[in-house]
Structure formats: C-alpha cells, structure tokens
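This report looks at one protein chain, beginning with a single residue and the reason for its label, and then moving to a strand pair and the chain as a whole.

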Amino acid sequence: MLELNTSAEKDILVLELEGALDSLSAADFRRYFRQKLAEGFRAFALDCLCLEYISSAGIAALIELHTQLSAAKAKMVLYQLSTETRQLLRFLGLEQKLPIVDDYDQAIAALAGYPRVIPEKDMVSPDELRLAELQEKTPPTSISEAPEKKETLEEQKQKNGDDSFFLEEKIGGTKTFEPKLAPAPSQSLAAPGSATTKQAIPEAQELKLREDPKKLISCPNCHAVLRVGVPGDYLCPACRFRFVYRGSALT
C-alpha cells in the first residue's frame with residue numbers, strides 16, 4: 001500500500017511517498033499524476049525517505065511517469081532515496097535516466113523553471129475579459145438597475161409646465177396639502193352653458209362635512225380630499241390632475 005502526503009511550494013507539488021510502490025499501488029500512482037497534470041501542475045518533488053519498498057512494477061511506473069511528464073513539458077525530481085532503492089536503480093542503469101537529487105532544497109531548485117499552467121477549461125477568453133470590463137464601465141440602463149432619483153419641487157414644476165405649488169399643513173393629526181391658486185390658463189374658461197366652450201374641464205364637488213371657513217372638495221380624478229378657500233383652477237397634488245372649482249356661497 002502506498003500513501004501520498006502532499007504539500008505545495010508555490011507552483012511545485014511536493015509528495016511524500018510512504019509505503020510500497022508495487023503492482024497493487026502502481027495503477028493508483030499513475031491515475032493520481034494524470035489528475036494533477038489535468039489540474040495544471042508541471043513540477044513534482046517526490047520525497048522517497050519513507051518509501052519502504054519498490055518493485056519492478058513500481059519502477060516501470062516511475063519510468064512511464066518520467067516519459068509522460070517530459071512530453072507535457074513537466075518534470076519530476078526524486079530525493080532522499082534510501083541506499084537500497086538507489087543501488088537498485090543504479091543496478092538497472094536508471095540512476096542517470098531518472099532525475100535524482102539529495103535533498104529538498106536541491107529538488108525545489110531543479111523544479112523552479114516549471115510553473116503551473118492554467119487548465120484550458122478554467123481559462124477566460126479575451127472576449128470574455130473585454131465584455132466584463134465593458135459591463136463594469138457601462139452605467140445601468142434599465143429602470144430596475146438605475147438608482148432611484150427623487151425629483152425636486154422645481155423639477156416637478158418644470159415637468160408639469162406650471163408654477164403652482166402646495167403648502168403642507170396639519171389637519172387633525174394628518175398631513176394634507178392645500179393647493180395654491182393656479183395661474184389662469186392661456187384660454188379663459190367660458191361660463192357654464194356657453195356655446196363657446198370647446199372642452200369642458202372637470203369640476204370638483206364640494207364635500208359638506210363640517211363648518212369651516214375653507215371648503216373640502218374631492219378631486220374628480222383620484223377622489224383625494226382637498227381644502228380650498230376660493231374658486232379657481234387647481235392641480236391635484238396627489239395625481240397631478242387639473243380641474244376647476246366653481247365654489248358655492250362662502251361665508
């Protein structure tokens with residue numbers, strides 16, 4: 001049985017081989033390195049201090065790994081081999097073919113020129129980078145993305161094309177709006193029943209709820225309750241609807 005204890009030194013994967021590299025563990029050994037190559041590793045430092053036994057199948061796996069790494073422009077280095085393992089490799093004529101050094105520092109130095117690569121599946125294309133950059137620079141265009149902007153009173157007046165405004169006051173603990181008398185329209189209103197009336201302007205109805213110097217009227221459009229003092233043209237503060245209040249006998 002073979003255990004692989006791993007650690008990383010920058011782009012170098014350091015593996016401590018512990019146990020036996022034989023016919024039973026060789027397949028897992030090969031599979032492990034194929035996975036790490038797919039993840040982008042190109043430098044492997046194999047610490048063999050705790051490698052107790054290596055068989056012919058294990059040696060064949062090392063030779064195959066060395067060939068596979070060379071084809072992928074990667075490299076492995078063996079270090080801290082036991083005397084028995086090193087003598088076996090020397091007897092088989094492999095001591096000069098396999099990269100072997102004495103210690104950890106030499107192994108790291110030998111692998112310094114083999115940086116890790118980014119796997120193709122994890123790479124971001126230049127077009128995607130350019131698109132992401134444009135999205136960061138482009139201000140939001142949709143209503144849902146754009147920050148909410150509150151209109152000032154002056155902007156509302158310019159938008160609606162009139163100079164009318166509304167005064168807040170407290171009535172019975174509830175905040176209401178009292179519209180100021182709006183300026184006369186460009187075309188004067190004709191008297192009721194006049195033949196010259198081109199388009200009738202909706203008229204507000206008085207709500208006789210209580211005795212008050214001012215009168216309560218209802219907006220013809222949204223039915224909001226407003227307090228007025230004199231007859232005239234009005235603009236509803238709730239729905240911005242223009243109407244006329246002709247008044248009644250005011251005291």
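A residue counts as buried when its relative accessible area is under 20%. The model described here is predicted, and by that cut-off Ser 25 is buried, because its relative accessible area is 7%. Ser 25 is placed in the loop between strand E2, residues 12–21, and helix H1, residues 26–38. When its neighbours within four places in sequence are left aside, Ser 25 is in contact with Leu 2 and with Ala 20.

Further along the chain, strand E12, which covers residues 232–235, pairs with strand E13, which covers residues 242–245, in the antiparallel sense and over 4 bridges. Within this pairing, Gly 232 has Tyr 245 of E13 as its bridge partner. The hairpin that E12 and E13 form has 6 residues between the strands, and in this hairpin Arg 240 takes a positive phi near 60°.

For the protein chain as a whole, the following totals apply.

| Property of the protein chain | Value |
|---|---|
| Helices and strands | 6 helices and 13 strands |
| Buried residues | 31% of the 251 residues |
| Accessible surface | about 16,700 Å² |
| Part of the accessible surface belonging to carbon and sulfur atoms | 53% |

Ser 25, as a buried residue, thus belongs to the 31% of residues in the protein chain that are buried. Turning to contacts with a separation of 6 or more, residues 24 or more positions apart account for 53% of them in the protein chain.

Notes
Residues are numbered from 1 along each chain as its sequence is written. This is a predicted model: local features need pLDDT of at least 70, side-chain atom pairs count only at pLDDT 80 or more; totals for chains, interfaces and linings use all residues. Side-chain values use heavy atoms; hydrogens and water are left out. Helices (H or I, at least four residues) and strands (E, at least two) are DSSP runs, numbered from the N terminus. Buried means under 20% relative accessible area, exposed over 50%, partly exposed in between (1.4 Å probe, protein chains only). Contact means heavy atoms within 4.5 Å. Two strands pair if DSSP finds at least two bridges between them. Accessible areas come from the Shrake-Rupley method with a 1.4 Å probe; for residues, only the protein chains shown count as cover.
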